[in-house]
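Biologist: Please take a close look at the salt bridges in this model, and then place them against the rest of the fold. A plain account will do.

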Amino acid sequence: MILSMTGFATKTITLHPDDGNKVNISISIKSLNSRFFETTIKLPYTLSSIETDLIKLLKEKLIRGHIYVTINMSSQVLLKGMVEPSMSTVEGYVNGAQQIQKRFSNVTGSMSIDALLQLPNVFIMEEKEIDQAIVQQIMQATSTLLTSLIQAKKEEGAALKQDLLNRTSIMTREIQQIEQSAIALLEEQKNKVNKAFQEIELDETKLSDVRKAALYAILDKIDIHEELVRFDSHLKKLIEHLDSPEVEKGKRLDFTIQELGREINTIAAKCSDATIGAQAINIKVELEKAREQTQNIV
């Protein structure tokens, strides 16, 4: 199974606290590429206590990527408790009024309850802890939303897998052509060396020894058999990773593609043949495209 690291999902739920009020809560989750697991969570002050639980849930479900979570509330009534008079504030107002009358005798009148209620901060609203039943509803909604997000990531992952398999098919075809070209190149170099020595007048025994040494030196320089074997092995391993049931495989795929790149670079460097060079470039192009895709895999 292949999981993409990018995805987006959103959901709105309606809560009905015991006081009869209705509160709408919108939850949105966005996942982007990242080498590690990272989170950016924006919560109302009312829900700041659930941030740690949200991070645990996200880590368990999404494994890797930069996860952005935003939760908005239509009202803050979930934490609003009883409204009570601020007796210290009221006392301050009354004492202040009395001091004014004592200081300025020409000031007349009295403070009524109506006038007092018009003054700021006469009442305070008690905050209460959020109900755990409401917390459970929010966490359940988030978990359901994550399921939808993961499904979208699976669908995109299936497309990524198919694209990578197409890349491996092209690389398999190209490396097979390189193998055939390498065999023809080796045979051509043998013939060139033999022809060159036939034109040199040397003792037959000495000629045989020199010819062997020259052939070994030339063929060893252009022989890419070991590189071809390793490239083929890495390519098969890449396909195995794509088909494996393991969820977290993006880094393994990336490292395998790096190894393939090293081998094809060595092949291109050892063989100065134009045909092999062109085929090696084709493989490099496919490897670069594949590497771009693996950056988006969990």
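Modeller: **Salt bridges and their setting**

The mean pLDDT of the protein chain is 85, with 85% of its residues at 70 or more. This is a predicted model, and confidence varies along it: helix H5 (residues 204-222) has the lowest mean pLDDT among the elements, 57, while E3 has the highest, 95.

Now to the part you asked about. Side chains of opposite charge can pair when their charged atoms come close. The count here comes to 12 salt bridges, and three of these are described below, taken helix by helix.

Helix H6 spans residues 225-243 and holds both arginine 230 and glutamate 227. These two form a salt bridge, with 3.7 Å between the closest N and O atoms. That value falls inside the cut-off, because a salt bridge is counted when the nitrogen and the carboxyl oxygen are within 4 Å. The partners sit 3 residues apart, about one turn of the helix. Their surroundings can be read from the accessibility values. Glutamate 227 has a relative accessibility of 7% and so counts as buried, since the limit for that class is under 20%. Arginine 230, at 34%, is partly exposed.

A further salt bridge in H6 links lysine 237 to glutamate 240. The N to O distance is 3.3 Å, and again the spacing is 3 residues, about one turn of the helix. Lysine 237 is partly exposed at 38% relative accessibility, as is glutamate 240 at 47%.

Helix H7 covers residues 250-270 and includes arginine 262 and glutamate 259, 3 residues apart, about one turn of the helix. Their closest N and O atoms are 2.5 Å apart in the salt bridge they form. Arginine 262 has a relative accessibility of 45%, which makes it partly exposed. Glutamate 259, at 30%, is also partly exposed. Salt bridges that share partners also join Glu226, Glu227, Arg230, Glu263 and Lys270 into one network. Two members of that network, Glu227 and Arg230, are the H6 pair described above.

The rest of the fold considered here begins with a sheet. It is open, has 4 strands in the order E1-E2-E4-E3, and its pairing is mixed. Strand E1 (7-15) and strand E3 (37-42) are the edge strands, each pairing on one side only. On average, neighbouring strands of this sheet are turned by 15° against each other, direction ignored. Within the sheet, strand E2 (residues 23-32) and strand E4 (residues 65-73) run antiparallel and are joined by 8 bridges. Serine 26 stands opposite asparagine 72 in E4.

Helix H1 (residues 51-62) lies across E3 and E4, and runs at about 140° to E3. The loop between E3 and H1 contains leucine 43, a partly exposed residue with a relative accessible area of 22%. Beyond its neighbours within four places in sequence, leucine 43 is in contact with Ser48, Ile50, Glu51, Leu54 and Ile71. Leucine 43 and threonine 70 are 27 residues apart in sequence, yet their C-alpha atoms are 6.3 Å apart in space.

How values were computed: Residues numbered from 1 in each chain as written. Predicted model: local features only at pLDDT ≥ 70, side-chain atom pairs only at ≥ 80, totals over all residues. Heavy atoms only, no water. Salt bridge = Lys/Arg side-chain N within 4 Å of Asp/Glu carboxyl O. Helix = DSSP H or I, 4+ residues; strand = E, 2+ residues; numbered from the N terminus. Buried < 20%, exposed > 50% of the residue type's maximum accessible area, 1.4 Å probe, protein only. Pairing = 2+ DSSP bridges. Axes fitted to C-alpha atoms, helices over the stretch in contact; angles between N-to-C directions. Contact = heavy atoms within 4.5 Å. pLDDT = per-residue confidence, 0-100.
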